[in-house]
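I opened this notebook to keep a record of what I looked up in one structure, topic by topic. The entries follow the order in which I went through it.

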Amino acid sequence: MKIAIAGTGYVGLSNAVLLAQNNEVIAVDILQEKVDLINSKKSPIVDKEISDYLASKKLNLTATTDGKEAYKNADFIIISTPTNYDPEKNFFDTSSIEKVLELIQASDSQATIVIKSTVPVGYTERISKEFKLKNLLFSPEFLREGHALYDNLYPSRIVVSYPKFNSELKTKAEQFASLLKQGAIKKEIPVLISNSTEAEAIKLFANTYLALRVAYFNELDTYAESKGLNTKQIIEGIGYDPRIGNFYNNPSFGYGGYCLPKDSKQLLANFSNVPQNLIRAIVDSNKTRKEYIAGQIISKKPNTVGIYRLTMKANSDNFRQSAIQDIMKMLRGEGLNVIIYEPTLKKNEFEKFTVISDLEEFKEKSDVILANRMEECLKDIQEKIYTRDIFTRD
Ligand SMILES: NC(=O)c1ccc[n+]([C@@H]2O[C@H](COP(=O)([O-])OP(=O)(O)OC[C@H]3O[C@@H](n4cnc5c(N)ncnc54)[C@H](O)[C@@H]3O)[C@@H](O)[C@H]2O)c1
């Protein structure tokens, strides 16, 4: 099969590598530097499995910025471009997907198109009609950043969907699911072929459930800290119930990352005119948590607050939409001096905050240090640290 993939972020690149084991894959991006890295078998993102596979596996994979040429002869085209939340419109900005669709149509391609970007509920049906497409599928992506290829080699499930008025596309959906399965290492993978609007809902409800879980344990921690209770004992005690489980329950400064904040907001927008309380509460709870954390710091009356890492997890370079960034802004708004230690930043300023590259100097200058995740190198200044990393894990 010839497969073209638009977008070489976490989703595009992991699918490109997965599928290039058994197919001819051309990865398309608008950024020349990413294309160059992929062509020299280097990963533009930090992901152990992607780096290993690029370096050592036999892959039929090339990258290009010439989308039109790549789409022209493809059997399948996967779209994995960004869908950022637009706070003005209160909806995802799907324009990058539509730009790719325009280019595909201009190339006279006969390919089956699969959207892997996360989209608003109802999008695939609407855009199929708008673009008069008879070959558009939607396949939600469930990978975690940092484990992007791993989660496609061992997927929890594969969901491929088609607009219900284009039911002749079911065979194509099954064919695409088989391609994903063929590249995986895991053998018993649940496969669901569904209608596209339902598949879009699957993605947004799944991520909003994960946001709910984080928000729940964070509110538990806010309560425990406010009342002088031991968060660890409470979480351990409830986690022994197998229906709740002892996982994905470590308190943090708030849920973040590229997907949970935007996907929960998009689901809330899709609920317009449908009664709900919980979805709104999940979105609001994250804001309340960040305000609570900022309040805890302000009450300590520090002059200089140190931010130890902008990332959400230890051993990560990814700080897209991390909760700490909102907290930093709240602290600055209260007139506090805020400095950052973030070794992946190669500049001395980040959004007008001072970045200190020397850890010892950073420790020395900070009166209080916020660490979303505790690390060994902070142990010598424990008395300055404010963290809610109760279990020292993700
Ligand atoms: N990151 C995740 O964990 C994750 C998980 C599941 C779903 N998703 C969804 O998948 C989509 C992509 O996410 P990501 O994290 O891979 O994004 P990303 O921002 O890491 O990468 C997107 C890539 O698309 C490229 N691009 C933008 N416009 C383009 C165009 N017109 N043609 C070709 N390339 C173009 C960008 O240069 C970038 O390299 C989003 O809708 C996201 O919500 C992401």
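The entries below cover the domains, the ligand and the cavities.

**Entry on the domains.** I was working with a predicted model throughout, and I began with how the protein is divided, which gave me domain 1, spanning 2–189, and domain 2, spanning 205–386. I then looked up how far apart the two lie, and noted 31 Å between the C-alpha centres of domain 1 and domain 2. For the contacts between them, I wrote down 14 residues on the side of domain 1 and 12 residues on the side of domain 2.

**Entry on the ligand shell.** Which residues come nearest to the ligand? I counted 25 residues around the ligand, and of these D29, K34, T83, E145 and K262 come nearest. Sorting the shell by class, I found 10 nonpolar, 8 polar and 7 charged residues. I also checked where the shell comes from, and both domain 1 (2–189) and domain 2 (205–386) supply at least three residues each.

**Entry on the polar contacts of the ligand.** I looked up the distances from ligand oxygen atoms next, beginning with Y10, where a polar backbone atom is 3.0 Å from an oxygen atom of the ligand. For D29, which I had already listed among the nearest residues, I noted 2.6 Å between an N or O atom of the side chain and an oxygen atom of the ligand. T83 is likewise on that list, and here too I read 2.6 Å from a ligand oxygen atom to an N or O atom in the side chain. I then asked how much of the ligand the protein buries: taken alone, the ligand exposes 830 Å², and the protein buries 91% of that.

**Entry on the cavities.** I searched the whole structure and recorded 2 cavities of 30 Å³ or more. The largest has a volume of about 40 Å³, and I listed its lining as Y308, R309, T311, M312, K313, A314, N372, R373 and E375. By class, that lining comprises 3 nonpolar, 2 polar and 4 charged residues.

The second largest cavity holds about 30 Å³ of space, and its lining consists of G254, T311, M312, S322, A323, I324 and N372. Here I counted 3 nonpolar and 4 polar residues, with no charged ones. Reading the two lists side by side, I noticed that T311, M312 and N372 appear in the lining of the largest cavity and also in that of the second largest.

Note on methods
Residues numbered from 1 in each chain as written. Predicted model: local features only at pLDDT ≥ 70, side-chain atom pairs only at ≥ 80, totals over all residues. Heavy atoms only, no water. 1 Å grid on protein atoms, 1.4 Å probe; cavity = no way out; pocket = protein on both sides within 12 Å on 5 of 7 lines; lining within 4 Å. Points joined across faces, edges and corners; volume = space filled by probe spheres on them. Nonpolar A, V, L, I, M, F, W, Y, C, P; charged D, E, K, R; others polar. Near = heavy atom within 4 Å. Polar contact = N/O pair within 3.5 Å; in protein donor to acceptor, adjacent residues only side chain to side chain. Areas by Shrake-Rupley, 256 points an atom, 1.4 Å probe, with all protein chains shown as cover. Domains from an automatic or database assignment. Contact = heavy atoms within 4.5 Å.
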